[in-house]
Amino acid sequence: MTLRSISVRVALGFAAVTLVACASGEPAGEAEAKPLAELRASVDRTVATTGDLITYTVEVERDPEVEVELDEPGADIAGFRIVDLGRAPVETLASGRLLERRWYELRADLVGSYVLPALTATYSEPLGPGGGLEAAEIAVEVESVLPDDRSEVTDIRDIKPLRRIDTAASWLLWTGLALAAAALGLAAWWWWRRRRPDGSAPEAPTIPPYDLAIRELERLRRTDFSDLRELRGYYFAVSSVVRVYVEGRFALNATDLTTEEILSRLGGLVRLEPSQARRLERFLVATDQVKFAAHLPVPEEIERTYEQALGFVTATRPPEVPEDGESATVTSGQAEKAA
């Protein structure tokens, strides 16, 4: 082997080693940068049965200087009812990024295939235009609790044959049952007569809608708003008080209707002025934001919610009820519903 061929081989080997070193030593800054914010969604199960609770978790991972605005769902998500919701404290990751986590407890009442829609959010940054985020759709299958193949059911037994009954024993049994029923009826009649001197049952006490609402609003005034669970329960309760009042005052079954259904029927209430209808609409929308959209109200909003409820009730009290007077039309059953 000549000296020249040896030199050529050494040069080629050195060039190969240089190329490998350059490829493996690529600076970290030239690699693809991690996005400023990421949006992820997941469920704890993709197959469930009717009545099962499904936990839907939403995570936002972002740089500290980036702000993310998440589009909140309404009272349901793709046909699932939201039965509970909450959020975890913001967590700082080892990389210095922030992680926000929210969760929703969902329940489906009907069998079928569901698709949780692609979740969207927007983010903004101090020195940039910001942008949008989107999490993928999630397919969930809700199955019946009954088996598809009825042959799997093994606890069904054949009908037992008829058994001859002794006539004398049967007659004694029915006679004993008749005497026992007569004794119970006599005891019930005696107790009923002793309830009042004239033998009549006392009338159930009634509470007027206006008085009931004022009393319950005053009771809710003493809620501990520093407790997040108490605060959320307060918004459910104050909404219920106003709905019961609307039901008793305007004969609209507001306790069984959604906010949208109530608002669609307000135009048919001749005793409700348009300005008061708008006041009720603002109140119901504001309370729904806390009840179903995980909105955390500040003290000023809590006070405004109370004033909206009190203002609507006092402004729509029956004409025959004075400023501090009383009327009588709501039953004690409605009082229990408000409480």
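Select helix α4 (residues 228–250) and helix α7 (residues 299–315) in this predicted model. Their axes lie 11 Å apart and make an angle of about 10°. Angles under 35 degrees count as roughly parallel, and α4 and α7 are therefore roughly parallel to each other.

Now show the side chains at this contact. From α4, display L231, Y234, Y235, V238, V242, Y245, V246 and F250. Facing them from α7 are E301, I302, T305, Y306, A309, F312 and V313. The residues of this contact comprise 13 nonpolar, 1 polar and 1 charged.

Next, center on F312. Leaving aside residues up to four places away in sequence, F312 touches V242, Y245, V246 and F250, and also L272, Q276, R279 and L280.

Widen the selection to the core. Which residues have the most contacts inside the largest nonpolar core? They are V246, L266 and F312, in a core of 30 residues. Color the elements that give two or more residues to this core: α3 (209–220), α4, α6 (274–292) and α7. The largest share, 9 residues, comes from α4.

Apart from this core lies another, of 29 residues. To find it, pick V58, A108, A121 and I138, which are among its members.

Stay with I138 and bring up strand β12 (residues 138–143). Strand β9 (residues 112–116) runs antiparallel to β12, and 5 bridges join the two. Look for L116, which stands opposite I138 in β12.

Finish on the two faces of β9. G112, Y114 and L116 form the covered face. S113 and V115 are on the uncovered one.

Technical notes. Residues numbered from 1 in each chain as written. Predicted model: local features only at pLDDT ≥ 70, side-chain atom pairs only at ≥ 80, totals over all residues. Heavy atoms only, no water. Axes fitted to C-alpha atoms, helices over the stretch in contact; angles between N-to-C directions. Helix = DSSP H or I, 4+ residues; strand = E, 2+ residues; numbered from the N terminus. Parallel < 35°, antiparallel > 145°, perpendicular 65-115°, else oblique. Contact = heavy atoms within 4.5 Å. Nonpolar A, V, L, I, M, F, W, Y, C, P; charged D, E, K, R; others polar. Core = buried A, V, L, I, M, F, W, Y, C linked by side-chain atoms within 4.5 Å. Buried < 20%, exposed > 50% of the residue type's maximum accessible area, 1.4 Å probe, protein only. Pairing = 2+ DSSP bridges.
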